[in-house]
Amino acid sequence: MRLAKYLAHAGVASRRAAEGLVAQGRVAVDGAVVTDPARDVGDDHAVAVDGRAVTPEGRELHMLNKPPGVVSTARDTHGRSTVTDLVPSARRLYPVGRLDADTTGLILLTNDGELANRLTHPRYEVEKLYRVELDPRPVSEPALQALRDGVRLDDGPTLPARVNQPAPGVLEMTLREGRKRQVRRMCEAVGHRVVALRRVAFGPLELGRLGEGESRRLSDDELERLRHAGEAAKAGRSARAGGGATPSAGRRRW
Ligand code: URA
């Protein structure tokens, strides 16, 4: 990765401040001063700032099955239990996006700010799968179709979604946005109240058999798959849009 990014990852300074350090000739790679912040470096290089070796903090990514009542911030000012309390790690972890306190299921935590940004940035449109129980049940076919096509919310229309009803009043909804209380608001818009909401997949990762309140550290392989998920999803959609079979990239039906 670029030298300035490497330094920022290692917690030496912000990306911009790291560029300054490099420009000032304070950074050496394999013993030689480097003044180009774009210089490519990796784990096999010895990087030093003012003669002191820089060791990047190991990246960690954990999956938690969030129980109800736990808030998905790093710290809670009202003393409530938070998702970071439930994940054993020596690192300072941050949740990737949010789940409502009463939503359960898959939430990721990481100390990799860049990855967290990428996974939650609307541009990358990482798919999230929710299992939703509604009242009243069942949901009519026109209401299902409206959820698929996009419903009008006060912060704008929703993107097309995949929605099916495996049992009366139970929906599986795959969204590629993550607006505040989006599933609840979408269901309300078609006349249903959410009585239970669980996230069961995030990009290529599935909750699987992880019990409520349990977490596990993801492997490097899972991390890589996730890292590429947003890009792959985006590239796939652009390719399909470019194929001319669909009217518009943004409002396409899946
Ligand atoms: N949509 C919601 O309404 N709530 C969540 O917690 C996640 C998605």
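**Notebook: helix 5 and the ligand**

Started with helix 5 in this predicted model: I looked up what its buried residues pack against, and got strand 8 (128-135), helix 4 (141-149), strand 9 (152-153), strand 12 (170-175) and strand 13 (193-202).

Next I checked how covered the helix is. Helix 5 runs over residues 182-189, and 6 of its 8 residues are buried, so I'm noting it as mostly covered. The buried ones are Gln182, Val183, Arg184, Arg185, Met186 and Cys187. Just past the helix I stopped at glycine 191, which has a positive phi of about 90°.

Then the ligand. Which residues surround it? I listed Leu99, Asp100, Thr103, Tyr130, Arg181, Gln182, Val183, Arg184 and Leu197. Helix 5 gives the most to this shell, with 3 residues.

Went through the polar atoms of the ligand after that. One of its nitrogen atoms is 2.7 Å from an N or O atom in the side chain of aspartate 100. An oxygen atom of the ligand sits 2.8 Å from a side-chain N or O atom of threonine 103. For valine 183 it is the backbone that I noted: an N or O atom there lies 3.1 Å from a ligand nitrogen. As for cover, the ligand has 230 Å² of accessible area on its own, and the protein covers 95% of that. I also looked at the pockets: the space taken by the ligand is the largest one.

Back to glutamine 182, since I had it on two lists: it is in the ligand shell and among the buried residues of helix 5. Why does it count as buried? Its relative accessibility is 4%, and the cut-off for buried is under 20%, so glutamine 182 qualifies. Its side chain reaches the backbone nitrogen of arginine 179 at 2.8 Å. I then left aside neighbours within four places in sequence and found glutamine 182 in contact with Thr158, Leu175 and Glu177.

Last, the overall numbers. I count 6 helices and 15 strands in the protein. Of the 254 residues, 42% are buried. Among contacts with a separation of 6 or more, 64% are between residues 24 or more positions apart. The protein exposes about 13,200 Å², with carbon and sulfur atoms supplying 49% of it.

Terms used:
Residues numbered from 1 in each chain as written. Predicted model: local features only at pLDDT ≥ 70, side-chain atom pairs only at ≥ 80, totals over all residues. Heavy atoms only, no water. Helix = DSSP H or I, 4+ residues; strand = E, 2+ residues; numbered from the N terminus. Buried < 20%, exposed > 50% of the residue type's maximum accessible area, 1.4 Å probe, protein only. Contact = heavy atoms within 4.5 Å. Areas by Shrake-Rupley, 256 points an atom, 1.4 Å probe, with all protein chains shown as cover. Near = heavy atom within 4 Å. Polar contact = N/O pair within 3.5 Å; in protein donor to acceptor, adjacent residues only side chain to side chain. 1 Å grid on protein atoms, 1.4 Å probe; cavity = no way out; pocket = protein on both sides within 12 Å on 5 of 7 lines; lining within 4 Å. Sits in = over half its atoms within 2 Å of the grid points.
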